[in-house]
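Colleague: I have the sequence and the model open. Can we go through the sheets and one side chain together?

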Amino acid sequence: MTPVVLIAEELAPAALDLLSTDFTLRHVDGTDRAALLAALADAEAVIVRSATRVDAEAIAAAPRLRVVARAGVGLDNVDVPAATARGVMVVNAPTSNIISAAEQAVALLLAVARHTVPAAASLRRGEWQRSRFTGVEVYGKTVGVVGLGRIGTLVAQRMAAFGTRLVAYDPYIQPARAAALGVHLMSLEELLREADFISIHLPRTPETTGLIGAKELRLVKPTVRIINAARGGLIDERALAEAIAQGRVAGAGLDVFATEPCTASPLFGYDNVVAVPHLGASTVEAQDKAGVAVARSVKLALAGEFVPDAANVQAGGVVAEEVRPLLPLAERLGRVFTAVAGGVAATVDVVVRGPAVQHDVSVLKLAATKGLFASVVEDRVTYVNAPHLAADRGVQVALSAAQESAEEPTALGLRGALPDGRLVSVTGTVPAGPAGAAGPVRLTGMDGFELELTAEGVLLFYRYTDRPGVVGTIGTILGGSGLNIAAMQVARRAAGGEALMTLTVDSPVHADLLAKTAEAIGATAASTVDLTEE
């Protein structure tokens, strides 16, 4: 059955087109709680914007759910911890509206500086009062940016074109980065005292809520104008209204509010306050980008692939093109490792060697962990819950990387110790294919035996004492059971010593048949792994 993607709010046509070819799309009014819960019953993905609440109840109502996608930046309406506990990936579009939001902050700043909104309203009433709406120039003023992240940086770059002095408060940015932007870093208190305009660009967290309150507003110049196009609640709205009423703040531009929808506020009564209903992301371009971005993420998530924009996956950032082909290798090595080990290891080291380590390869540890537990637990293992499964079982997974050669393909290995002290190792690589594209995932070694095996399909592994007739015995038993052998390889360290036989077969092997073949050849170990179950 084609996976069901539930569309709970309006989505850009381009996003719907991207999803419709691979999935069954169903639409529901996400604000209709009963309808939403009923529609979630067989949904594998749900896409929302800001109005639909995806909380623990909604997640519990969706036993097949694999991904929650928010077509926007914030995740205030999604219970991320509840989703994480269920192994449900949460994705958003963190960069879709940054340009729109930055432009909105600049628009509010200019509108407040020049009294644009009350002047326009006055003219519509048939009045011509030029002197009443005398404003101030931005040129030569000090603009304080609170939060120099992606949007704050865009605002700073745009305000620099107005010939302003730029200052910022952001305890997490490096001074060299700020200096490169032409921004002088300072404390929040210093910024409040010096700035003529203050534009806030922070996420809303327990630490930032109420960051600009009554105490802080007593530090500012009476000519200051404050802009908030980030998140409601960063400014104490009541304290701001009092400061404006008392002439201690010259004006404010607000796109967001502590409680939304907000249709009544003491701030709405002042001509020097420009207040709009959270329009920062409300551009055609931002909505299209958000919809298309999460549609792509949903496709990746439902294919079991890594999603760079997943909010609850413990491997952030963009995965380099040189690293991406190694993801299926890491996961398959994890599956093979667990199959050969016959259980969960106590410790596992993920070892990366080769040119790919010039990039961030931390995601390979995550992919390997996902593979390690794929056949161990009944629940679906995802990039979301894999680290938690390891932690719950006391499995320590570490990563080491070294660029030993820039010419050879990057090699990946898993080596670990089992609770009984036994050591297990598997290695593999992804050689280049035609025209430089990634070739098939290859197994290159196991416990010191050299292999050259494509890591796909159903694999069988037998450890036994090398002697004539073993291959024929295995072939006869498997053939008699209707099992076709697609490929076979024997590795040994010395004639008559320990040997490792690997086979690729066309269908899964039942435990009874595996035991029968192992007994027939006197195998010291036998295992199977189905790499089609990804």
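Modeller: A definition before we start: two strands count as paired if DSSP finds at least two bridges between them. Keep in mind that this is a predicted model.

Colleague: Which residue in β2 is the bridge partner of Leu 6?

Modeller: Look at strand β1, residues 4-7. Strand β1 and β2 pair in the parallel sense over four bridges. In β2, the bridge partner of Leu 6 is Arg 26.

Colleague: What is the strand order of the five-strand parallel sheet?

Modeller: This sheet is open, and its pairing is parallel. The edge strands, β2 (24-27) and β5 (89-91), each pair on one side only. Neighbouring strands are turned by 20° against each other on average, direction ignored. The order is β2-β1-β3-β4-β5.

Colleague: What angle does helix α12 make with β4?

Modeller: Take helix α1 (residues 13-20) as a start: it packs on the sheet, touching β1, β2 and β3, and its direction makes about 140° with that of β2. Helix α12 (residues 284-302) also packs on this sheet. Helix α12 touches β1, β3, β4 (67-70) and β5. Its direction makes an angle with that of β4 of about 170°.

Colleague: Now the four-strand sheet. Why is one side of β20 and of β22 left without a neighbour?

Modeller: The four strands form an open antiparallel sheet in the order β20-β21-β19-β22. β20 (485-492) and β22 (525-530) stand at the edges, so each has a single partner strand. The twist averages 15° from one strand to the next. The reason for the free sides is the edge position of β20 and β22.

Colleague: Which residue in β21 is the bridge partner of Arg 492?

Modeller: β20 and β21 (residues 498-505) run antiparallel and are joined by seven bridges. In β21, the partner of Arg 492 is Ala 499.

Colleague: At what angle does helix α17 run to β19?

Modeller: Helix α16 (residues 470-480) touches β19 (458-465), β20 and β21, at about 30° to β21. Helix α17 (residues 511-521) lies across β19 and β22. Helix α17 runs to β19 at about 25°.

Colleague: Is Glu 331 buried or exposed?

Modeller: Glu 331 is found in helix α13 (residues 326-341). The cut-off for buried is under 20% relative accessible area. Glu 331 has 8% relative accessibility, so it counts as buried.

Colleague: Which side chain does the side chain of Glu 331 join in a polar contact of 2.8 Å?

Modeller: Beyond its neighbours within four places in sequence, Glu 331 is in contact with residues including Ala 367, Gly 371 and Tyr 383. The polar contact of 2.8 Å joins Glu 331 to the side chain of Lys 370.

Conventions: Residues are numbered from 1 along each chain as its sequence is written. This is a predicted model: local features need pLDDT of at least 70, side-chain atom pairs count only at pLDDT 80 or more; totals for chains, interfaces and linings use all residues. Side-chain values use heavy atoms; hydrogens and water are left out. Helices (H or I, at least four residues) and strands (E, at least two) are DSSP runs, numbered from the N terminus. Axes are lines fitted to C-alpha atoms, for helices over the stretch in contact, and angles run from 0 to 180 degrees between N-to-C directions. Contact means heavy atoms within 4.5 Å. Buried means under 20% relative accessible area, exposed over 50%, partly exposed in between (1.4 Å probe, protein chains only). A polar contact is a pair of N or O atoms within 3.5 Å; within protein, one must be able to donate a hydrogen and the other to accept it, and residues adjacent in sequence count only if both atoms are side-chain atoms.
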